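Colleague: I'm new to this one and would like to learn how to read its charged residues. Could you walk me through it?

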Amino acid sequence: MLTYLLKRISTLFLSLWIISVCLFFLQKNASVDLVMLQNKARSNGSFYVHPLSAEKVYRAEAVRLNLDKPLFYFSLQPAMFPDTFYKVQYPEAIKIQKKLLLKTGDWALVQTYYQSLAAFYEKVEQSENSTLSIFWKQQLQEMANSSDLSAVKTACQVSEEMREPYIGEIRKIEDLVNRLSYQTPSFFAWLPSPRWNGPDNQFHSWFSKVTKGDVGTSSRDGRPVMDKLKEAIPWTLWVNGLAILLAYMIAMPLGILMAILPKRKWLNWINNILLALYALPAFWVGSLLLFQATLPEYGFSFFSISGWSNLQQKGGFLSQPIPFLLQLSLPVFCMAYGLAAYLTSYMQSTFSKVLNEPYLLFAKTKGISKARLYFIHALPNALLPQIVFVAGIIPALITGSVVIEVIFNVPGMGRLFIDSMLSQDWTTVYSFVLLVSVLTAAGLILSDILLVVTDPRIRLTRENKNE
Amino acid sequence: MKLKIFFSLVLFLAVFGDWIANEKPVYCQYQGKAYFPLIEVPFVKLGWIDWPADFQNDNWRNLPYEKVIKTLVPYSPETIDRNNLGLKSPFAAQNTNGFWERHWMGTDRIGRDVLAGWIRGFRLALSIGLLSISIAGILGIFMGGLAGFYGNDRFYLPVYKAFFLLFWLVGFLYWIYQGFETNGSSLSILIWLGIWLLIGVLVYYMPVIGKRIALPIDWMISLIIQAIDAIPALFFLLALLPLIESPGLFHVIILIAFIRWTGIARLVRAEFLRIRDLEYIQAAHLLGIKNFHICWKHILPNAMGSVWITFAYSFAGAILLEAYLGYLGIGMPAGTISWGSQMQQVRENPAAWWLAVFPGLAIFLILFSLQKMGEKLESKVS
């Protein structure tokens, strides 16, 4: 028993670690240009930096944002890549230098080329001739943003009087471009060169922060993501919790009733209706309800789409339970009816299965009262799978609640997720996914443990199988 | 039986939808010449048939035809009817010439026919559902079968081969990745990949030396399944989409398949675990039948019964996911007409009930009949 639990929990942690590695890399891949965003925010959106002077700005910022480290514990690059390639910070420069390197295979040459471009830019910056320097700045921007060497060459070939003041630099660049375009990576430069980076890497520092509950700050408004989550989670819990509660309160009696009533033709019809209710997409019902039933003409004015902040300010359920529940009623209803329909037919089938068990038939023949038979003997056995079932459907519930929250404007996790998604706030998005997956995994394991603890038969077979 | 008729109808609408709802007439006589514009499109593109210049302007509905036979719904999903802009109700007076051109399901804000878009929705939902579930099915059956057939204790390897396998897999992924980085244009990488495959084959056929250990395949695959299952589907889908620069239909299909295969794999794994210990499989092993043959011919057919049920339910799930994406307006290329995108418009125009009712009805009917089918299959299996 204990070994089973330990095994289960250790695999859980392993899979959560795998998820967090994946999410970390997803976040890195989808990441917007953080430095650019922050600088833009600081200078009211009019931040411009020339690609050849950007590296300095980015390096200074990267130290602060903890970006000047290798990504992971180890790296696997072609041998032609330098060990310190991660130190290049400007996204455009990373792209161009990587392309040039893959094309030529000579890092020293690529770097000399880039540095001579930068030196050229510095000289242009210092010179006084304004029209000429503006022209060359533009030309240099084109050259720095292009991995196509022939385009760089044509950018250099302008009239002699333009070239004259900087002829030394231009000659040097042309020479380097010539050398670069004849280079190709050697056959063995493609071999992978594994490298151990040690624990001083970006993932490690991110992950150790995450385990302490600090998942970073939103790249949109600079607020800690955890604060945002803390505000949002209660709403999602309220909606989902009430929906589950409501569904059980409807489904249990109805399911039992359907199981103990004699089989008739209309039961078939009820089953069909339940199936239809289950198949009825909640977001459809939600949008129809919202727009047809909340209009005052129809007499439903208890729900308002902007009523959430009002509730938030006044302190939620405890201070004003009736308006709170009324406000929650529509989303909860939308979440609950499908679940209730499913649970009803589930309850019906488990209850009628239990009723046919030999020990219940024996109890019946012994002549105990029906109430005792149903509620003392049958119900506990039928209830067990129901309780376990809830934990298993949590992922589906959360998925469904995303759309419901968007429709009814509930300030819960789902809506915040979609909002941060649309505003490209990837830090928040991936922190959300991580948190939700931790919650879901915990729910799944809880249902497993519950099952094992309450049902000795499962425990025995599992231990026999050595799982 | 009724289900069969319904699904055939859905399939018909999905396949021939573009011929039912199209602004190009089936037959027309224009400037004394007869044309079949609906069918002629590919031939015109090939240059076999010449159309008058008026046909190129996409103003099909207002041309002065001499004779014309229109399609059942004389609008394409993208057609903008300038006379009926701004949400015309199906019951309202519509500014159309004649009964045939009426918008039976109304129009949306920019004057597109809702019925035509609704018919297009069938193709989108069905192609996403069917393709993603077939991919998920293949992946799920393969992974689940592997995990279930070998379990943790039946995939025996010499120690050195087991370690080599892991090492080789990392290298293989590395070469594939490098191939993508260079768009497959580098000859050296192709040669290296070939060398790597050759090494793999050589080591595979090397003799067994020393102790053998069991590779815990079941554990590894279950770990992957557990990790993917821990992330709710919609969150996962939305978290993966930003990685793609311009997401299209194909990407959505692949991603949905990647999310949905775990359910199928779990079921296949359980079935394989159950069946592999049955006597007839042991007999097959004793007869010396190859493992693959046993899986393919003797276990899979018996496992498929319950797998079809999950197919039905996963199909429903995929269609719902597609609708969510359309409704949230994320992931699909801009301008894609689907049921979800039609329903999304209701959020800005609450009074336009026809934009919500008809697409929702289609989703509901498909989901309901899929559930019904799953139930039927279930009762058949048990």
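Colleague: Which helices of chain B each supply at least two residues of the positive patch?

Modeller: Some ground rules come before that. This is a predicted model, where local features need pLDDT of at least 70 and side-chain atom pairs count only at pLDDT 80 or more, while totals for chains, interfaces and linings use all residues. Residues are numbered from 1 along each chain as its sequence is written, chains are lettered from A and ligands numbered from 1 in the order in which they are written, and side-chain values use heavy atoms, with hydrogens and water left out.

Modeller: A patch takes residues with over 30% relative accessible area and no salt bridge, joining like charges within 9 Å and nonpolar side chains (Val, Leu, Ile, Met, Phe, Trp, Tyr) within 5 Å. Here, helix H1 (2–20) and helix H12 (354–381) of chain B each supply at least two residues; helices are DSSP runs of H or I with at least four residues, strands are runs of E with at least two.

Colleague: Which lysines gather in that patch?

Modeller: They are B:Lys2, B:Lys4, B:Lys376 and B:Lys380, on the surface. B:Lys376 is found in helix H12 of chain B.

Colleague: Is B:Lys376 buried or exposed, or partly so?

Modeller: Buried means under 20% relative accessible area, exposed over 50%, and partly exposed in between (1.4 Å probe, protein chains only). B:Lys376 is partly exposed, at 48%.

Colleague: Now salt bridges: how many does a search of the whole structure find?

Modeller: A salt bridge is a side-chain nitrogen of Lys or Arg within 4 Å of a carboxyl oxygen of Asp or Glu. The search gives 23 over all chains. One of them joins A:Lys69 and A:Asp200, with 3.3 Å between the closest N and O atoms. That pair links distant parts of the chain, 131 residues apart: A:Lys69 is in the loop between helix H3 (54–65) and strand E1 (74–78), and A:Asp200 in the loop between strand E2 (192–196) and helix H10 (202–211). A:Lys69 is buried at 18%, whereas A:Asp200 is partly exposed at 49%.

Colleague: What does B:Arg154 form a salt bridge with?

Modeller: Its partner is B:Asp277, the closest N and O atoms being 3.0 Å apart. B:Arg154 lies in the loop between helix H3 (114–150) and strand E4 (156–158) of chain B, and B:Asp277 in the loop between helix H8 (249–275) and helix H9 (279–286), so the pair ties together parts 123 residues apart in sequence. B:Arg154 is partly exposed at 37%, and B:Asp277 is partly exposed at 38%.

Colleague: Which residues are linked in a network of salt bridges?

Modeller: Look for B:Asp18, B:Glu78, B:Arg120 and B:Arg123.

Definitions and conventions. Accessible areas come from the Shrake-Rupley method with a 1.4 Å probe; for residues, only the protein chains shown count as cover. Lys and Arg count as positive and Asp and Glu as negative; His and the chain ends are not counted. The place of a charge is taken as NZ of Lys, CZ of Arg, CG of Asp or CD of Glu.
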